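I set out to record what I looked up in this structure, entry by entry. The entries begin with one loop residue and then widen to the whole chain.

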Amino acid sequence: MIKLAVPTSGNVVDDHFGHCDVYTVFTVNANKKIEKTEMLPSPKGCGCKSNIGAILEEKGVSVMLAGNMGAGALNVLKNHGIEVYRGCSGDVLQLVESFLKGKITDSGEGCHHHREHDTEHVCNHI
């Protein structure tokens, strides 16, 4: 079994990891079928400075399917053993199904203007 997380607003991928409403966490069995879906409220504050990496690791999440994020958040997730795929968009369930079919790759793109120790984030979104 694996667990995947997706930063979510409504039923779509939030374009910026650190500002999402919730993380939708999918538990997937060995046959690549979704067994369980749960909503995890997003902690307040920037994704790179919050404890979201530790929370997701504790819940067993090993994959993050995200729209966009800064290098700090990317490093936090990787340090917690979470593989990150950036450049994702659209309906959350359709995204996870595409991932399970091997159709999702990391865009390699993140926030290009992420100011450390500042509350404002200016990002070039995909």
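**Entry 1. Threonine 105**

I first located threonine 105, which sits in the loop between helix 3 (92–100) and strand 7 (113–114). I note at the outset that the model is a predicted one. Is threonine 105 buried or exposed? Its relative accessible area is 63%, and the cut-off for exposed is over 50%, so I entered threonine 105 as exposed. I then listed its contacts, not counting residues up to four places away in sequence, and found that threonine 105 touches Tyr85 and Arg86. I also looked up the separation from leucine 65, 40 residues away along the chain: the two C-alpha atoms are 9.5 Å apart.

**Entry 2. The aromatic pair**

Tyr85, a contact of threonine 105, led me to the aromatic rings. I counted 1 aromatic pair. The ring centres of tyrosine 85 and phenylalanine 99 are 5.1 Å apart and the planes stand at 75 degrees, so I recorded the pair as edge-to-face. Which parts of the chain does this pair tie together? Tyrosine 85 belongs to strand 6 (residues 83–85) and phenylalanine 99 to helix 3, so the pair links parts 14 residues apart in sequence. I checked the burial of both residues: tyrosine 85 and phenylalanine 99 are each buried.

**Entry 3. The nonpolar cores**

I next turned to the nonpolar cores. The largest comprises 17 residues, and those with the most contacts inside it are Phe17, Tyr23, Leu56, Met64, Met69 and Leu77. Two or more residues of this core come from each of strand 3, helix 1 (52–58), strand 5 (61–65) and helix 2 (71–79). Helix 2 makes the greatest contribution to this core, with 3 residues. I found a second, separate core of 15 residues, which includes Val28, Cys88, Phe99 and Ile104. As background, I noted that nonpolar side chains tend to be buried together in soluble globular proteins.

I examined tyrosine 23 of the largest core in detail. Leaving aside neighbours within four places in sequence, tyrosine 23 has contacts that include Val6, Pro7, Phe17, Glu38, Met39, Leu40, Ile52 and Met64.

**Entry 4. Threonine 27 and lysine 32**

I placed threonine 27 in strand 3 (residues 22–28). Its relative accessibility is 7%, below the 20% cut-off, and threonine 27 therefore counts as buried. Beyond its neighbours within four places in sequence, threonine 27 is in contact with Met1, Ile2, Lys3, Lys33, Ile34, Glu35 and Lys36.

Lysine 32 lies in the loop between strand 3 and strand 4 (34–41). I flagged its backbone: lysine 32 has a positive phi of about 60 degrees, although it is not a glycine. With 53% relative accessibility, lysine 32 counts as exposed.

**Entry 5. The whole chain**

How many helices and strands does the protein have? I recorded 3 helices and 8 strands. From the N terminus on, I read the order of the elements as β-β-β-β-α-β-α-β-α-β-β. The protein has 126 residues, of which 45% count as buried. I looked up the contacts between residues at least 6 apart in sequence, and 48% of them join residues at least 24 apart. Last, I entered the exposed surface of the protein as about 6,700 Å², with 48% of it supplied by carbon and sulfur atoms.

Notes: Residues numbered from 1 in each chain as written. Predicted model: local features only at pLDDT ≥ 70, side-chain atom pairs only at ≥ 80, totals over all residues. Heavy atoms only, no water. Helix = DSSP H or I, 4+ residues; strand = E, 2+ residues; numbered from the N terminus. Buried < 20%, exposed > 50% of the residue type's maximum accessible area, 1.4 Å probe, protein only. Contact = heavy atoms within 4.5 Å. Core = buried A, V, L, I, M, F, W, Y, C linked by side-chain atoms within 4.5 Å. Areas by Shrake-Rupley, 256 points an atom, 1.4 Å probe, with all protein chains shown as cover. Phe/Tyr/Trp six-rings, centres within 6.5 Å; stacked < 30°, edge-to-face > 60°.
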